[in-house]
Number of protein chains: 2
Amino acid sequence: MRTVAGADFVRRQNRGLVLSALRRHGPMSRTQLATATGLSNASLTAIGGELIAQGILQEGAPRTPPGARGRPAVEVTFNREAAYAAIIELDVNRVRCSLVNYAGGLADRTEVAVTAELFAETAPGDYLVARVRQLADRNPGEMSNLRGIAVSVQGVLDRKADGLLWSPIPHVAGASIAARLSEAFDVPVTLQKRGGLLAEGARLLYPELSNLPLAAIFVGSTVGMGLSAPDRSIGQESGTEFGHMNHVPSGALCRCGQKGCIEAYAADYGVLRAAYGVPDQVAPASSVPPAAYQELIHLAQTGRRNVIHAFHLAGRALGFGLSRLMTVAAPAHIVVTGPGANAFELMRGEIEAALRESLVCRIHGTPPITVHHDEREPIFQGMLRNVLDALDDGFAGTASEARLSSVR
Amino acid sequence: MRTVAGADFVRRQNRGLVLSALRRHGPMSRTQLATATGLSNASLTAIGGELIAQGILQEGAPRTPPGARGRPAVEVTFNREAAYAAIIELDVNRVRCSLVNYAGGLADRTEVAVTAELFAETAPGDYLVARVRQLADRNPGEMSNLRGIAVSVQGVLDRKADGLLWSPIPHVAGASIAARLSEAFDVPVTLQKRGGLLAEGARLLYPELSNLPLAAIFVGSTVGMGLSAPDRSIGQESGTEFGHMNHVPSGALCRCGQKGCIEAYAADYGVLRAAYGVPDQVAPASSVPPAAYQELIHLAQTGRRNVIHAFHLAGRALGFGLSRLMTVAAPAHIVVTGPGANAFELMRGEIEAALRESLVCRIHGTPPITVHHDEREPIFQGMLRNVLDALDDGFAGTASEARLSSVR
DNA sequence: AGCATTTACTTCAGTGCTCGAAAAAAGGAA
DNA sequence: TTCCTTTTTTCGAGCACTGAAGTAAATGCT
C-alpha cells in the first residue's frame with residue numbers, strides 16, 4: 001500500500017539514497033556522493049551534515065591524491081559505532097554468533113558445536129539469548145548499542161516468522177525464537193532462510209551475477225534452494241521448500257516423513273542409502289558424518305559403480321527439481337553449494353539431461369551452473385547485507401528526530 | 001533502483017494515490033478522497049483541481065442524499081474521454097478486440113473466429129493491427145485518443161515481451177507483436193500471459209480473495225497457471241509455464257514436443273488419449289472440439305470406467321504439479337477455471353491426495369480450491385485493471401506538464 | 001422570509017525540502 | 001604572495017504539504 005508523501009518522505013528517501021550509495025560503493029566525498037545519487041551538492045551538504053550530526057556518518061581524513069589540484073575532498077564514511085548487530089547462524093551441528101559494527105566489520109564472534117539433544121533440554125530461544133548474552137558480556141560498550149539481530153534457519157517458517165513449524169534441526173520446531181530474542185534485547189529480530197541467503201550472498205560474491213535472477217541450491221545433509229532477483233531488495237517472500245518438492249510419487253522415505261522428496265534422493269543420507277542398496281523406505285540415518293559423505297564421493301570418483309549410480313539418482317532428483325522450478329521461476333543462473341558441490345561432476349550429467357527435457361530450457365537455453373564449494377561465506381554475507389540494509393533503512397527515517405535530538 | 005525525490009516526486013506520488021483511490025472505490029467527493037488517501041483537504045483542492053484542469057478527472061453533479069444537512073458534496077469521477085485503450089484477447093480459435101474508455105467502460109468490441117491456418121498466411125502482428133484498425137474506423141474520435149494496447153497471449157514470452165518464442169497457437173511463435181502494434185498506433189503495448197491475468201482477475205472478481213496470494217489454473221485445450229499476490233501491483237514477473245512442468249520423466253508426449261508435461265495428461269487431448277487407450281507416445285490430436293470434451297466429462301459422470309480413469313490421471317498430474325508448485329510459491333488459495341473446471345469433481349480426489357503428500361500442505365494445510373467455470377471474464381477484467389492502472393500511472397506523472405500546458 | 005446550523009471546499013500563512021548560482025574554503029603552483 | 005582549481009557551503013527561489021481560518025451552499029427552525 002503506497003502512502004502519502006510529503007517533505008519528510010522526500011528527506012527519508014534521499015537519506016536512504018545516500019546511505020545506500022555509501023554501502024554499495026564505499027567511502028566517498030560529498031561531491032562524489034552527489035553525482036552517485038543524483039542529488040545536488042547543496043542537498044548533500046544538508047543531508048550529509050545532518051547524518052554526521054546524528055552520528056550515523058563521520059568525516060574521514062582529507063584524502064589528498066598525489067598531484068591533486070584544488071581543495072582536497074574529504075571522505076564520508078559510516079560511523080562504525082553508530083550501531084551494532086548480531087548475526088546468528090543456526091545450523092544442525094553448530095551455532096555461530098557474530099557481532100558486527102555498522103561499517104560491516106566483525107567485532108567479535110563465538111562458535112559452539114551443538115548436539116542433537118541440546119534443544120530438547122534448552123529451548124532454542126533461550127539458548128540463543130544466552131549466546132548473544134555471552135557476546136554482550138565480552139563487548140559491553142558495543143552491545144549497549146545493539147540495533148538488530150538476524151538468524152539464519154532451515155525449515156518452514158511460521159506465518160509471523162517467529163519460529164519454525166518444521167526443521168531438520170531436532171527439537172526447534174514450534175519454539176519461539178524471534179520474539180524471545182527480541183524481548184530479551186529489545187531490538188528487531190529477523191529469521192532468514194538459508195536458501196534465500198545463499199542466493200543473495202552468491203550475488204554479492206560474484207559481481208557478474210549481480211544483475212541476474214538466480215537460484216542457489218545447497219546439497220549436503222539437506223537440500224535447500226533460494227531465489228534472488230536483482231530488484232526486490234530486502235525481505236524476499238516466504239522462501240522455498242525445494243528439498244521437499246516431490247520427485248517421485250510415493251518414492252523414497254524422506255526425513256520429513258513424506259515420500260519421494262528430492263532430499264530423500266539427493267541429500268547425503270539419500271545417497272548413502274542408495275549406495276549401499278538399503279531399501280528406500282528404510283528410515284534415513286539421523287545424521288551422516290561429513291567424512292563418510294566425502295568417502296562416498298571419493299569412492300564414486302574411483303569408479304565404484306553402485307556409488308556412482310547413487311549419485312546419478314541424486315543428480316536426477318536435483319535435475320528434475322530444477323526443471324520443474326524453471327517453469328515457475330526461470331533463474332538465469334544456478335549456483336550449487338554445500339558439501340555436495342564436491343560431487344557436482346558426478347551429478348552434472350543427470351542434472352543437465354533433466355534440464356534439457358524442459359520446454360523452458362529448450363527455448364531459453366539451460367542456465368549456466370556455477371559451483372561454489374563453501375556455503376558459510378555466502379550465507380554470512382547475505383545476512384550481513386540484509387542486516388546493514390535494515391539499519392540503513394532505519395537511519396534513513398530518523399530525519400525528523402534530528403531536529404529534536406539536536407536540541408537536547 | 002530508487003531515484004532521487006523532490007517536490008515533483010511528491011506530487012506524482014500523491015496524484016497516483018488519488019487516482020488509485022478513485023479506481024478502487026469509485027466516484028467520491030474531495031473530502032472522501034482526502035480521508036481515503038490520507039491527504040489534507042487543502043491538498044485535495046490543489047491536486048483535484050489540477051487533475052480536473054488537465055481533463056483527467058471531472059466533476060459530477062452535486063449528489064444530494066435524502067435528508068443531508070450541509071453543503072452537498074460534489075463527486076469527482078474519471079473523465080471517460082481522457083484516454084482509450086484497446087484490449088486484445090488472442091486465443092487459439094478467436095480474437096476478441098475491445099475498446100475501453102478511461103472510466104473502464106466498454107466502447108466497442110469485435111470478435112472474430114480464427115482458423116489454424118490464419119497466421120500462416122498473415123503475420124500475427126499485421127492481423128492484430130488490422131483488427132485494431134477496424135475499431136479505429138468505427139470509432140474515429142475515441143481512437144484518436146488511444147493511449148495503450150494490451151494483448152493476452154499463451155506461450156513463452158521472449159525477453160523483451162515483444163512476441164512469443166513458443167505458443168500453442170499455430171504460427172505465432174517468432175513474430176513481432178508488441179513492436180508491430182506499437183509502431184502502427186504509436187502507443188505502449190504490453191503482452192500479458194493468460195495465466196497471470198486469470199489470477200489477477202480472480203482476485204478482482206472474488207473480494208474475499210483480494211488479500212491472499214493465489215494461484216489460478218486453467219484446464220482446457222492447454223493447461224496454464226498464474227500467480228498473483230496482493231502487494232506487487234502491475235507487471236508481475238515473466239509468468240509461468242505450469243502446463244509444461246514435468247510430471248513424469250519420459251512420460252506422455254506433449255504438444256510442445258517434450259515428454260511427460262502436466263498438459264500431456266491434463267489437457268483435453270491428454271484425457272481423450274487416455275480415455276480411448278491410445279498409447280501416450282502417439283502425437284496428440286491437433287485440436288479437440290469443445291463438444292467432444294464435454295462428452296468425455298459426461299461419460300465419466302455416467303460411470304464409464306476408462307474415462308473416469310483418464311480424469312484421475314489428469315487430476316494426479318495437476319495435483320502433483322500443484323504440490324511441486326507449493327514448495328516454491330505457497331499460494332493461500334487456488335482457483336480452477338476453463339472447460340476442465342466442469343470436470344473438477346472427477347479430478348478433485350487425486351488433486352487433493354497429491355497435495356496432501358507435500359510437506360508444505362501437511363504443515364500449513366492444503367489451500368482451499370475454488371471453481372470458476374468461465375475463464376474469459378477474469379482474463380478480461382485482469383487486463384482491464386492492468387491497462388487502467390498503467391494509464392493512471394502515466395497521468396500521475398503529468399503533473400509538471402500541467403503548468404506548461406495551462407500556459408498555452 | 002430570515003437566520004442558524006451543518007457540511008464541503010478554498011484560501012492563506014508557515015514549514016521543509018530541493019535546486020542553481022554565487023560565495024567561501026583549502027590547498028598547490030607560479 | 002597571488003592565482004588557480006576543486007570542494008563545500010550559503011543564499012534565495014520555487015514547490016508541495018499542512019492546519020487554521022474563511023467562504024460556499026444547502027437544510028431546518030422560528
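Reader: How many nonpolar, polar and charged residues does the surface near DNA strand D have?
Author: This is a predicted model, and in it the surface near DNA strand D has 15 nonpolar residues, 13 polar ones and 7 that are charged.

Reader: Which residues come nearest to the strand?
Author: There are 35 residues around DNA strand D, and the ones that come nearest are A:Gly70, A:Arg71, B:Ala42, B:Ser43 and B:Arg71.

Reader: And which elements each supply at least two residues of that surface?
Author: From chain A they are helix H2 (30-37), helix H3 (41-53) and strand S3 (73-78), while chain B provides helix H1 (7-25) and its own helix H3 (41-53).

Reader: Changing topic, by what turn and shift can chain B be laid on chain A?
Author: A turn of 180° with a shift of 0.1 Å along the axis lays chain B on chain A, and the RMSD is then 0.1 Å. That is why the relation is the one of a two-fold axis.
Reader: What share of the contact residues of chain B recur in chain A?
Author: The figure is 100%, so to speak of the two copies is to speak of the same surface serving both.

Reader: How many residues are in contact there?
Author: On the side of chain B there are 41, in contact with 41 residues of chain A. The elements of chain B that give two or more residues to this side are H1, strand S9 (164-166), helix H12 (305-326) and helix H14 (359-364).
Reader: Which of them gives the most?
Author: H1(B) does, with 6 residues. By class, the side of chain B that touches chain A has 21 nonpolar, 15 polar and 5 charged residues.

Technical notes: Residues numbered from 1 in each chain as written. Chains lettered and ligands numbered in written order. Predicted model: local features only at pLDDT ≥ 70, side-chain atom pairs only at ≥ 80, totals over all residues. Near = placed C-beta within 6 Å. Helix = DSSP H or I, 4+ residues; strand = E, 2+ residues; numbered from the N terminus. Nonpolar A, V, L, I, M, F, W, Y, C, P; charged D, E, K, R; others polar. Least-squares fit on C-alpha atoms with pLDDT ≥ 70 in both. Contact = placed C-beta atoms within 7 Å.
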